[in-house]
Amino acid sequence: FESYPVSSSNLASVEYDPDTYVLRVGFKHGGVYEYEGVMPEVVEEMMSASSQGSYFHRNIRMNYSYTKIK
């Protein structure tokens, strides 16, 4: 997994595995989730968005299957 710097009031950490298209997101209020099938360009858009948390909630959260890992 590659780690990305996060500036968000909701997201604590963002990691991505470009080989398996798995996005791992940690939340400041607890919980770490892995989202499957997230293409690299979606991750790039999220990381360059003015609000990474808003982008995540609009475009990723309910659009990809996920697993809670922590």
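Tyrosine 35 counts as buried in this predicted model, because its relative accessibility is 3% and the cut-off for buried is under 20%. The residue belongs to strand 4. Leaving aside residues up to four places away in sequence, its contacts include Tyr21, Val22, Leu23, Val25 and Phe27. Further along the chain, tyrosine 35 also touches Phe56, Ile60, Arg61, Tyr64, Ser65 and Tyr66. If you want a long-range reference distance, take phenylalanine 1: it sits 34 residues away along the chain, and its C-alpha atom is separated from that of tyrosine 35 by 13 Å.

So what does the sheet look like? Five strands form an open sheet in the order 1-2-3-4-5, and the pairing is antiparallel. Strand 1 and strand 5 (66-68) are the edges, each pairing on one side only. Ignoring direction, neighbouring strands are turned by 20° against each other on average.

Let's walk in from the strand 1 edge. Strand 1 covers residues 2-4 and runs antiparallel to strand 2, residues 11-17, with three bridges joining the two. Getting from one strand to the other takes a hairpin of six residues. For the register, look at glutamate 2, which stands opposite tyrosine 16 of strand 2. Serine 3, in turn, faces glutamate 15 in strand 2.

Glutamate 15 is a handy stepping stone, as its bridge partner in strand 3 is arginine 24. Strand 3 spans residues 22-27, and six bridges tie it to strand 2, again in the antiparallel sense. The hairpin here has four residues between the strands, and in it tyrosine 21 takes a positive phi near 60°. That is the tyrosine 21 listed among the contacts of tyrosine 35.

Now add the helices. Helix 1, residues 40-48, packs on the sheet and touches strand 1, strand 2 and strand 3. Its direction makes about 155° with that of strand 2. Helix 2, residues 52-59, packs on the sheet as well, but its contacts are with strand 2, strand 3 and strand 4 (32-36). For helix 2, the angle to the direction of strand 2 is about 60°.

Which residue of helix 1 should you click on? Try methionine 46, which is found in that helix. It counts as buried because its relative accessible area is 0%. Apart from residues up to four places away in sequence, methionine 46 touches Val14 and Leu23, and also Gln52, Tyr55, Phe56 and Ile60. Phenylalanine 56 is ten residues along the chain from methionine 46, with 6.6 Å between their C-alpha atoms. Leu23, Phe56 and Ile60 turn up in the contacts of tyrosine 35 too, so a selection built around methionine 46 leads you back to the starting residue.

One more stop is glutamine 52, which lies in helix 2. Is this polar side chain buried or exposed? Glutamine 52 is buried, because its relative accessibility is 8%. As for a partner, a polar atom of its side chain lies 3.2 Å from the backbone oxygen of methionine 47. Its contacts, again without residues up to four places away in sequence, include Met46 and Met47. Glutamine 52 also touches Pro5, Val6, Ser7, Ser8 and Leu11.

Technical notes:
Residues are numbered from 1 along each chain as its sequence is written. This is a predicted model: local features need pLDDT of at least 70, side-chain atom pairs count only at pLDDT 80 or more; totals for chains, interfaces and linings use all residues. Side-chain values use heavy atoms; hydrogens and water are left out. Two strands pair if DSSP finds at least two bridges between them. Axes are lines fitted to C-alpha atoms, for helices over the stretch in contact, and angles run from 0 to 180 degrees between N-to-C directions. Contact means heavy atoms within 4.5 Å. Buried means under 20% relative accessible area, exposed over 50%, partly exposed in between (1.4 Å probe, protein chains only). A polar contact is a pair of N or O atoms within 3.5 Å; within protein, one must be able to donate a hydrogen and the other to accept it, and residues adjacent in sequence count only if both atoms are side-chain atoms.
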